[in-house]
Amino acid sequence: MHTSKTLNYAAHAARAKTLLQDAELLLADDAGLMQVENDMEKTWRVGQDEVVKGAGQEGSGGRQEWKLDGGPYRSRYSRNGRHLAIVGSTGHVATFDWQTGTIHAELQLQETCRDITFLQDQSFFAVAQKKYVFVYDRDGVELHRLKAHIEPTRLEFLPYHWLLASVGNTGYLKYQDTSTGLLVAEHRTKAGACRTMAQNRHNAVIHLGHQNGVVSLWTPNLSHPTVQLLAHLGPVVGLSVDPSTGGRYMASSGADGTVKVWDCRNWKGAVRQWTTRGGVAELEWSAKGALAVASGGSVNVYTKPSIQAPFAPKVAPPLYLTHPVPHRPLTSVRFCPFQDILTIGHNAGLSSILAPGSGEPNFDSTEADPFEGKKTRREREVKGLLDKIPPDMIALDVDFVGSLAPPTKLTTAVNDKHDVPFARLPRLERLRVQGKVDETELEGGIEVDDNTNEEGDGNGKKQSKEEREKRKMRGKGKSVKRYLRKQRKNVIDPTAVAIRAKLEKQREERRVAKAIEKGEMEPKKPSALDRFRRS
Amino acid sequence: MVKISVLQHAPSTHLPARPGDPTPTSRNLDPLMHPFARARERMRALNAAKMDRIFAKPFVASLEGHIDAVEVLCKKPGTVSTIASGSWDGGVIVHNIAEQKHSHRIQGAHKGKVSGLCFADGDKLLSCGVDCNIKLWDVSLQEEDSQQKPLNVFAGKSPFNSLDHHRSDRLFATASNIVQIWDETKSAAISDLTFSTATETVTSVRFNLAETSVLGSIGSDRSFTLYDIRTGKAERRVIMQMRSNALSWSPTFPTSVLLASEDHNLYTFDVRNLSSPLHIYKAHVAPVMSCEWSPTGLEFVSGGWDRTVRIWKEGRGTNPEVYHTKRMQRVSSSIFTADARFVISGSDDGNVRIWKAKASERLGIVTARERAAIEYRDSLKDRWKHDQDVGKISRTRHLPKPVYQAAQLKRTMLEAQRVKEERRRRHTRAGQSKPKAERKKIVLTEQT
């Protein structure tokens with residue numbers, strides 16, 4: 001019965017795989033591409049003018065320049081790639097549908113703004129402002145001031161968990177549940193101000209880049225990083241996780257001008273590293289696995305097989321596309337989902353360029369739909385809330401959900417024999433098997449009794465039985481002993497253990513004092529090193 | 001020459017062709033497009049399990065009318081909504097459960113309790129009582145007549161405990177101190193069936209539904225007896241550890257018979273091999289007083305002295321669906337309706353209650369979309385039933401405190417018994433006492 005069921009699952013999995021291959025035939029749209037005919041031609045020699053010419057009427061709409069004051073600018077696309085939110089460092093915030101050109105909200109906040117992100121869809125966005133994070137609705141009305149997020153520098157929204165994560169100059173990573181409003185977790189990173197954050201879209205782990213060159217990976221349920229690695233010498237300035245391989249690769253860039261690609265399954269050394277011209281580099285992976293590196297005065301795009309293949313020499317991988325942007329500094333690069341568009345934020349506004357082959361051509365309407373209407377959006381919001389995954393379930397390995405529980409390390413063997421099931425063991429044996437039995441308790445108790453006996457012997461050799469009993473009883477009512485007696489539940493309790501240790505220490509001191517008094521021991525001479533001793 | 005193409009979505013394929021049309025959807029089954037698919041599906045399964053418990057409102061209605069405890073219920077073959085109930089006060093009521101009304105009412109049908117009730121051909125109802133009479137009533141629609149005369153009265157020699165009508169012929173069987181076969185047209189019993197060595201009170205008798213001449217009975221002798229009316233003899237008989245209170249033949253599996261036992265369990269037997277039961281069904285905490293198969297033969301209902309009604313899946317011996325209310329007393333009779341959607345219970349408090357067979361089923365018209373959603377939720381629950389949280393939510397049932405405590409006590413006692421038995425075995429010589437399977441303990445002797 002059992003085997004047949006597992007066989008069924010295997011058959012089902014195989015069938016699902018073939019069905020998936022069949023379904024790929026039905027995909028409607030084709031990915032963009034840039035192809036050369038011989039080795040002498042290079043794709044990076046193709047300028048944007050040529051690409052626009054080749055893209056035709058429809059495709060060329062993606063090539064845009066927004067000249068704006070108050071830069072440098074950062075931008076963020078909504079999940080369906082239809083809406084764009086931009087923020088200038090001096091407080092110019094705007095959200096708009098970039099295809100139709102309708103502006104939803106335009107605000108002059110008149111204070112430093114460091115980052116912006118949409119929440120579940122275009123109807124809310126959060127801005128990391130000078131002191132706090134603020135949440136605005138689609139029309140730009142301020143809804144919330146999140147006072148817990150102090151001096152935020154970077155924001156990320158985890159769409160399937162409905163969590164807004166922020167990190168700031170205080171070095172705290174904070175998770176706010178945007179559906180209930182609760183602050184789910186706040187982690188002290190202990191690495192000072194943090195200016196680099198990225199999320200892995202496939203397991204909702206937050207990657208932070210620190211000033212000391214450390215990259216750390218965080219989940220809400222752990223107060224320490226799940227992974228910590230020294231990625232760069234000097235501050236980490238850019239981070240991005242590859243969505244095209246299910247979050248398997250991470251790219252990081254440092255203030256020292258190097259870019260490194262890491263394999264998230266094996267952190268031992270970077271897969272590939274190279275040095276960029278012009279220093280500090282911003283990074284972003286596209287849905288199809290193109291890596292954009294904005295540094296100095298240009299944006300370079302590298303494509304997939306070469307950037308992820310291990311390669312020892314520290315040279316840049318073959319370039320796919322390059323575009324000069326003469327407005328330093330370049331502060332953000334974002335790929336537009338489901339489009340071949342790369343948006344670069346810089347000092348003079350934003351520019352969008354076409355990067356053929358970088359976008360996922362076929363969207364799934366149940367996840368994100370660029371063409372969705374009002375009703376669909378509402379329905380998606382409700383469905384998303386119903387399917388909201390609790391924050392505790394974020395882990396490095398997403399597949400732990402629905403997999404078999406690991407075999408327990410506890411064994412019910414008593415004297416190496418398994419003949420009695422756990423439920424029928426006596427309580428003491430059950431506790432022993434669980435590793436909870438307090439063995440120190442018994443020994444301690446015996447020692448106390450021994451001590452009193454010794455004292456009795458020392459004073460007056462012979463005592464009547466009643467007197468011994470009486471002596472034994474004395475001191476039983478002492479509050480500490482009573483406490484310890486009440487704690488005698490055969491379960492290891494940290495407080496009881498601590499008190500027992502303290503009593504032990506006091507007893508030892510008394511014994512030493514007595515020995516010194518009798519002349520059996522010499523008092524310890526004070527030493528210069530005593531100042532380092534822990535009391 | 002460099003070949004360049006840039007990704008474009010044609011609005012014509014993704015936008016509705018005319019205003020008002022639904023927006024076309026597109027699918028991409030690539031797993032990378034669906035992050036957290038498993039975790040989200042688990043959340044959906046969890047919600048489905050919760051919704052199932054939220055909507056679990058099994059009680060439909062209570063049919064009043066009897067002034068004393070309801071003793072017996074029967075449904076009319078070939079109809080969905082007609083059932084009859086007989087009570088300790090001697091009254092018989094024919095209910096229309098669709099309209100929740102009395103369609104016919106006979107007061108004082110018998111002196112003392114009505115112990116057996118059964119529909120005959122057409123609109124005729126047979127009832128028997130402890131007043132040693134069997135009466136045939138005409139219950140076709142008519143105005144209420146308290147002094148209604150029976151069509152026919154069959155006089156017996158001793159109080160009757162049960163009766164059942166033959167599937168097709170105009171015959172019926174009664175249980176008193178012997179089993180008797182009667183013809184509707186004759187005033188005296190046409191044959192007496194009794195096991196040669198038995199001197200017991202027969203408490204219940206039922207015709208097999210497929211092999212229509214085979215008859216089963218249970219008696220105060222802790223016995224289950226099989227008869228054949230063609231030979232006119234008792235064929236086989238088994239004596240069990242405890243007596244049974246009710247029996248029911250499976251409608252789909254003719255050799256399978258269900259017994260509701262005094263020892264809190266239900267047993268299914270294959271009549272070809274009566275040495276041990278096929279299955280033991282354990283959950284009641286008091287004697288089981290009644291049982292009946294669903295017309296599908298996949299589940300059955302039982303009512304017990306512990307004031308609960310339980311609905312069991314065939315072959316699954318634990319964790320039945322359990323129904324109870326504050327005011328429902330000991331359940332002396334329980335039946336499935338002919339459409340297998342409802343369960344009727346009659347109890348000591350004089351009420352006949354209608355329950356849904358599936359606690360969270362929605363009554364009324366269900367649209368196709370709703371139906372699809374329900375089916376999706378069911379399959380999710382099934383798929384994730386091994387998950388700790390999902391399984392716990394769909395398994396847990398609230399029980400009244402006395403029932404819960406009785407179950408605890410029972411578990412403790414059984415555990416103690418088992419431990420004692422184990423210790424005894426450990427201290428006897430090896431091989432001297434072997435553990436006996438639970439199923440082998442039930443039947444004491446088999447007689448032919």
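Start by selecting chain A of this predicted model and colouring its contacts by sequence separation: among contacts between residues at least 6 apart in sequence, 47% join residues at least 24 apart. With chain A still selected, switch to a cartoon view, where nine helices and 29 strands can be traced, and then colour by burial, since 37% of the 535 residues of chain A count as buried.

Next, add chain B and display the side of it that touches chain A, where 31 residues of chain B are in contact with 52 residues of chain A. On that side, β1 (3-5), α1 (11-14) and α2 (37-54) of chain B each supply at least two residues, and α2(B) gives the most, with seven residues. If you colour this side of chain B by residue class, you will find 14 nonpolar, eleven polar and six charged residues.

Now select residues 33-35 of chain A, which form its strand β1, together with β1(B): the two strands pair in the antiparallel sense over three bridges. To pick out one particular partnership here, select A:Q35, whose bridge partner in β1(B) is B:K3.

Finally, move to B:K135, which lies in strand β9 (residues 133-138) of chain B. Is this lysine buried or exposed? B:K135 is buried, because 21 other C-beta atoms lie within 10 Å, and the cut-off for that class is 20 or more. Leaving aside neighbours within four places in sequence, show B:A109, B:S127, B:P150 and B:V153, with which B:K135 is in contact. As a last step, draw the C-alpha to C-alpha distance from B:K135 to B:L151, which is 7.4 Å in space for a separation of 16 residues in sequence.

Key. Residues are numbered from 1 along each chain as its sequence is written. Chains are lettered from A and ligands numbered from 1 in the order in which they are written. This is a predicted model: local features need pLDDT of at least 70, side-chain atom pairs count only at pLDDT 80 or more; totals for chains, interfaces and linings use all residues. Helices (H or I, at least four residues) and strands (E, at least two) are DSSP runs, numbered from the N terminus. A residue is buried if 20 or more other C-beta atoms lie within 10 Å of its own, exposed if 12 or fewer, and partly exposed in between; C-beta atoms are placed from the backbone. Two residues are in contact if their C-beta atoms, placed from the backbone, lie within 7 Å. Ala, Val, Leu, Ile, Met, Phe, Trp, Tyr, Cys and Pro count as nonpolar, Asp, Glu, Lys and Arg as charged, and the others, Gly among them, as polar. Two strands pair if DSSP finds at least two bridges between them.
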